[in-house]
Amino acid sequence: MTDLYDHLFPAYREQAGLSDDERIDWLRRDRWLSLPQSEAALGRLEDLLTYPPRGRMPCLLLFGSTGMGKSEILNRFAELHATRYDKNAGLTIMPVVMVQMPPQPTEEEFYTELMLAMNYSEFDHISLRSLRSLARRTLGEFGTKVLVLDEIDKMLAGSPRQQRIFLNTIRFLTNDLRIPIVCAGTEDARIAILTDPNLADRFAAFELSPWRNDHALRQLMASFAGLLPLRRPSLLDEAEVRQRVIALSEGVTGRIFRLMEAVAIAAIRSGREMIDADSFDDEQLLLPLVSMQVIASAKRALRRRAA
Ligand SMILES: Nc1ncnc2c1ncn2[C@@H]1O[C@H](COP(=O)(O)OP(=O)(O)O)[C@@H](O)[C@H]1O
Ligand SMILES: [Mg+2]
C-alpha cells in the first residue's frame, strides 16, 4: 500500500479510492460508531445481563430526545447478544428480547408485539390472560436475560386509563419475570415512568444529553475527518466548524450524522474533496436537514461573531 489518503484512518483509506457513486452509497449506510455516551449506555446494559435473579431486579430507563441514538444503542446491544442455537441443549437462546411499543398502547397489542419479537405468530383467539402467561413462559424457555421496550413514549398517546394500565403492565413484568427491563423513550416517557411511585424506585435513569461544543465533539469531528471517504484532508478541528455543527444540529446525534453525510456528499459531487467551515454555508444543502429557524439563528450567531 502507498501512503495515499494518509489523512484517513488506515481502515478507511481504501474507500476513498472508490468511484463517486460508490462513496456516496457508502456514506448513506448506517454504521455503528463508538460514541462516548453510546458506549456508556451500552456498559449499563451489559451490567444488567449478568445480574443474578433476585426479588427486585434493577431496571434501566434510557432517555433523551428523538435522534439522540437510543434505538441504535438498543439494536447494538441486541446484536451483541443475538439469538443462538445451543446444540448441546437443543435449545434456542434469546438473551435479549426487544419490543417496539405498539401505536395502540393496549395490553393485548403489547403482548402481541412481545410474542412477535420472539418469532411467535400464531396466537389468534387467545385471551389476554393466556397471552400473558404464554409470553412469560416463552421468555423463560428462551433464557431471556433482558427485556427491552423501545419508544415507550408511545404509551402517552393512550388515554390516562390506558397509560395507567400500561404502567401496571411494566410493573407486573418487573415483578413477575425476575429479569431486568430496559425502557427507552423521550423526556416525557421519563416523567411518566418516574411519576409512578412503584416504578420510580426500580428504574435507574440514564440520559443521552445533546452534544455540546466540548472535547467530546472535537473527538467526534476528528473521527469524521478520519473516516469520511474524501480524497483531501478536511479541516474539522476548527472552532467554527464545531459552532456550525452545534447550531445546525442542536446537538442531536442523528442530525449531526445527517449533516456530515450531506457535506461529505457535496464535497464529492463538487470535486472539492474536503470539508471545512465553508462547507456549512450551502443553504440548498442544509435546508432539507434542519428547520429554517435553526438556520436563521445560526446565521444571526455568525453575524454577531463577525461584528
Ligand atoms: N452510535 C452511533 N453510531 C452511528 N450512528 C448513530 C449512533 N447513534 C446515533 N446514530 C445516528 O443517529 C440516528 C438516530 O439514532 P436513533 O437511535 O434512531 O435515535 P433515537 O432512537 O434516540 O430517536 C441514527 O439513524 C444514526 O444515523
Ligand atoms: Mg428510536
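Q: Which residues are closest to ligand 1?
A: This is a predicted model, where local features need pLDDT of at least 70, side-chain atom pairs count only at pLDDT 80 or more, and totals for chains, interfaces and linings use all residues. Residues are numbered from 1 along each chain as its sequence is written, and side-chain values use heavy atoms, without hydrogens and water. Counting a residue as near if one of its heavy atoms lies within 4 Å, we get 18 residues around ligand 1. The closest are Leu 33, Gly 67, Lys 70, Ser 71 and Glu 72.

Q: Which residue has a backbone N or O atom 2.7 Å from an oxygen atom of ligand 1?
A: Let's go through the polar contacts, meaning pairs of N or O atoms within 3.5 Å. Asp 30 puts a polar side-chain atom 3.2 Å from a ligand 1 oxygen, while Glu 72 uses a backbone N or O atom at 2.8 Å. The 2.7 Å backbone one belongs to Gly 67.

Q: Where does the largest nonpolar core lie?
A: A nonpolar core is a set of buried (under 20% relative accessible area, 1.4 Å probe, protein chains only) Ala, Val, Leu, Ile, Met, Phe, Trp, Tyr and Cys residues joined through side-chain atoms within 4.5 Å. The largest one has 53 residues, and Met 221 and Phe 224 are among those touching the most other members. Both domains, assigned automatically or from a database, give residues to this core, so it lies between domain 1 (10-23 + 212-306) and domain 2 (36-207).

Terms used
Chains lettered and ligands numbered in written order. Buried < 20%, exposed > 50% of the residue type's maximum accessible area, 1.4 Å probe, protein only. Polar contact = N/O pair within 3.5 Å; in protein donor to acceptor, adjacent residues only side chain to side chain.
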